[in-house]
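Work through the exercises below with the structure open. Try each task before reading its solution.

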Amino acid sequence: MVMLRQRTMVATGEPEPALEKEGLCGDDLTILVDDSSTDSAVKHLRGRWELASVLNFLNVFGPLVSEKLKLTAEEIETGLIDSNATNAQLHIALLKGILPIGKSLDQGDAWITVLCKKLTPWWPLIAEGEIPVTANKGEEIVEYKGLDPTNRLQLLKALCELRVQQDDARTFIQENAKQGALDSGFQKRKFGGDGKKISYWFDGNDIQGYRLYREVNDFSKSAKARKNACSDISSFCWETDATNLDEFQRVARELSSCKASSLAAIGQMIETDAIPVVEKYHKKKERAIKKKMKQEMAISVNFSRPMRITRSCRNRMPATYTFDEYEKMISEAVKDAEEMDREDEEGKEQQSASLVVTNDNSEGNNKMKSTEEVAPESDNDDVKEMEKCKEDSEGKREFSVKNRLRQRLTRNSAL
């Protein structure tokens, strides 16, 4: 159900337009999208044996048709119903294997014209009845899109029959038959039946998915030949019983609970042989969906974040080993050391001056001494402290110059 809200009208002098009589009324406009037609079309397709034949053909000859084209059975059904791009890709891949290859095959809907031209001369040999659409100066494109999905399925089935008659398909069959893969790859797996009318078949792969088919052969006597020999009319029906894990489990329970031993055995065979394969396929499919969702979320988060400007990479300085560069580095290191020593001396002088002032104040408050005795002692102490500071500063200057020189040498050697 799709909910549409009515647009608020601007206050003007004109009256509001009335809603058209299409089932729309009130403030919220509700449009009911009826999916019953799509469901019925899918159900009708799954009741045709041609669909099972097409899926089996793509299962067997998929690598020969196209290695890049990987379609699920549901996508093929949707393509036949809607005549979308997936359906076009499938037909184009099949038509490219039938010589001569049309030059305009990839141009829009031109593949429909090529399809009609290819199938028309072969139709009586590969299909029954009349061909649904023929080439008619471009009108066949509109006619094909207006066909019933079952008619499109008949055209696709005939195209698969024509494709398998090509030389490369015959070579493909011969090579696989030599390798001993004829039984496993070219035949459907029959689970069994009741021995009279019903048979069950299991077919599929990890790309298309797996399906369980039921074959029904109904024989009825002709009403006009009651007294004469029996003339039987065969009614052939091929249905798709299960397409996913839940449907496989449901069919297995129903058959296992049957009173007929043959059908109960088929139910047990579905539980032991088919359901584990289908479970593995569905788990793989779920993991792929979760991985895709995570990638989409990561992409959306990255786009939502603001763009950051990163700094450019720093260029490495070229190494030079000349005396001029060496002397320049030494002079720069000496200048830096002298500036540091000058700052240290100024700081120490300020500190010593403040200490002298504080000592004089404290001594004057506590004790009264003569200036003649105190002056020589304080002068001697100040001279000793100054000489000691000079010696320390000279030693630090030599050490800092040597240390800076070592650092610059190691840095240039690393570069």
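Three exercises on this predicted model follow, each with a worked solution.

**Exercise 1.** Find where helix α2 kinks, and decide how far the helix is covered.

*Solution.*
- Step 1: Trace α2 over residues 49-65. The kink lies at N59 and is about 50 degrees.
- Step 2: Look just past the kink. The proline P63 follows shortly after N59.
- Step 3: Check the cover. Of the 17 residues of α2, 12 are buried. Among them are L51, L55, F57, L58 and F61.

**Exercise 2.** Classify both partners of the R211 to E74 salt bridge as buried or partly exposed, and place them in the chain.

*Solution.*
- Step 1: Locate the contact. The side chains of R211 and E74 meet at 3.8 Å, N to O.
- Step 2: Place the partners. R211 is in strand β5 and E74 in helix α3, 137 residues apart.
- Step 3: Apply the cut-off. Buried means under 20% relative accessible area. R211 has 3%, so R211 is buried. E74 has 28%, so E74 is partly exposed.
- Step 4: Widen the view. R46 and E77 join R211 and E74 in a network of salt bridges.

**Exercise 3.** Do the same for the D241 to R214 salt bridge.

*Solution.*
- Step 1: Locate the contact. D241 and R214 pair through their side chains at 3.8 Å, N to O.
- Step 2: Place the partners. D241 is in strand β6 and R214 in strand β5, 27 residues apart.
- Step 3: Classify. D241 is at 15%, so D241 is buried. R214 is at 24%, so R214 is partly exposed.

How values were computed: Residues are numbered from 1 along each chain as its sequence is written. This is a predicted model: local features need pLDDT of at least 70, side-chain atom pairs count only at pLDDT 80 or more; totals for chains, interfaces and linings use all residues. Side-chain values use heavy atoms; hydrogens and water are left out. The bend at a residue is the angle between axes fitted to the seven residues ending there and the seven starting there. Helices (H or I, at least four residues) and strands (E, at least two) are DSSP runs, numbered from the N terminus. Buried means under 20% relative accessible area, exposed over 50%, partly exposed in between (1.4 Å probe, protein chains only). A salt bridge is a side-chain nitrogen of Lys or Arg within 4 Å of a carboxyl oxygen of Asp or Glu.
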